[in-house]
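Hi everyone, thanks for making room for me today. Please have the picture open while I talk, and stop me whenever something is unclear.

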Amino acid sequence: MTFQSNIRRASSYKSVAKNSRILSATPHDLIAVLFAELRDSLDLMIENARRNDQGKMFEYRAKALSIINGLDESLDFEAAGDLAQTLHQIYAEAARRIQSEIGASFIEKAESAREMLHEIEKAWLSIAPNQG
């Protein structure tokens, strides 16, 4: 087996494991999966920005923004009221920072967005769904 086929096989196994996790997930778990994907995308976006690989950086930025948009669209303003409005504002600010112009302060802004979103992820993971 070649190195490339091993990489493809490992990627395939990872994809199957992820898909299995999603298929059996509760709504709470699905949001946790989105936060994990968002964290990974932001980490890769920042890493590629540091390496000046703008192609990959833009790819991961687009993925991160898509996830943020999905999280924002899932907010239930009727049920969650002020909390949903606060999360909406945080998501909008994080997206604004991630979309900032590529330059000297881009990585700093992206890191601050990542930290904002990581705090929400930690809070979400601390909320255990009712197991009743």
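Let's start with E47, which is partly exposed, because its relative accessible area is 37%. You can find E47 in helix α2. Now look across to Y60, which sits 13 residues away from E47 along the chain. How many ångströms separate the C-alpha atoms of E47 and Y60? The separation is 10.0 Å. Please keep in mind that this is a predicted model, and the values I quote are computed from it.

Let me step back to the whole chain for a moment. The protein chain has 132 residues, and 28% of them are buried. It contains six helices and zero strands, so reading along the sequence you simply get α-α-α-α-α-α. The accessible surface of the chain comes to about 8700 Å², and carbon and sulfur atoms account for 54% of that. Here is a number about contacts: take those between residues at least 6 apart in sequence, and 60% of them join residues at least 24 apart.

Back to α2, then, and its partner α3. Helix α2 covers residues 27–50, and helix α3 covers residues 54–73. Their axes come within 8 Å and cross at roughly 155 degrees. How do α2 and α3 run, roughly parallel or roughly antiparallel? An angle over 145 degrees counts as roughly antiparallel, and therefore α2 and α3 are roughly antiparallel to each other. Their crossing is left-handed.

Which residues make this contact? On the α2 side they include I31, L34, F35, L38 and M45, and on the α3 side they include M57, Y60, A64, I67 and L71. Sorted by class, the contact between α2 and α3 has 14 nonpolar, two polar and four charged residues.

One of the α2 residues in that contact is S41. Is S41 buried or exposed? Buried means under 20% relative accessible area, and S41 has 2%, so it counts as buried. If we leave aside the neighbours within four places in sequence, S41 is in contact with Y60, K63, A64 and I67. You have met Y60 already, as the residue we paired with E47.

Between α2 and α3 there is a loop, and N52 is located in it. What is phi of N52 near? It is near 65 degrees, a positive value in a residue other than glycine. N52 is exposed, because its relative accessible area is 59%.

Finally, follow α3 to another partner. Helix α5 covers residues 82–98, and it packs with α3 at an angle of about 170 degrees, with the axes 10 Å apart. That makes α3 roughly antiparallel to α5. The crossing of α3 with α5 is left-handed.

From α3, the residues R61, L65, I68, L71 and D72 meet H88, Y91, A95 and I98 of α5. By class, that contact has six nonpolar, one polar and two charged residues. R61, I68 and L71 may look familiar: they are also among the α3 residues that contact α2.

To recap the two pairings, α2 and α3 are roughly antiparallel, and α3 is roughly antiparallel to α5. Thanks for listening, and I'm happy to take your questions.

Technical notes: Residues are numbered from 1 along each chain as its sequence is written. This is a predicted model: local features need pLDDT of at least 70, side-chain atom pairs count only at pLDDT 80 or more; totals for chains, interfaces and linings use all residues. Side-chain values use heavy atoms; hydrogens and water are left out. Axes are lines fitted to C-alpha atoms, for helices over the stretch in contact, and angles run from 0 to 180 degrees between N-to-C directions. Helices (H or I, at least four residues) and strands (E, at least two) are DSSP runs, numbered from the N terminus. Angles under 35 degrees count as roughly parallel, over 145 as roughly antiparallel, 65 to 115 as roughly perpendicular and the rest as oblique. A crossing is left-handed if the near helix is turned anticlockwise from the far one by less than a right angle, and right-handed if clockwise. Contact means heavy atoms within 4.5 Å. Ala, Val, Leu, Ile, Met, Phe, Trp, Tyr, Cys and Pro count as nonpolar, Asp, Glu, Lys and Arg as charged, and the others, Gly among them, as polar. Buried means under 20% relative accessible area, exposed over 50%, partly exposed in between (1.4 Å probe, protein chains only). Accessible areas come from the Shrake-Rupley method with a 1.4 Å probe; for residues, only the protein chains shown count as cover.
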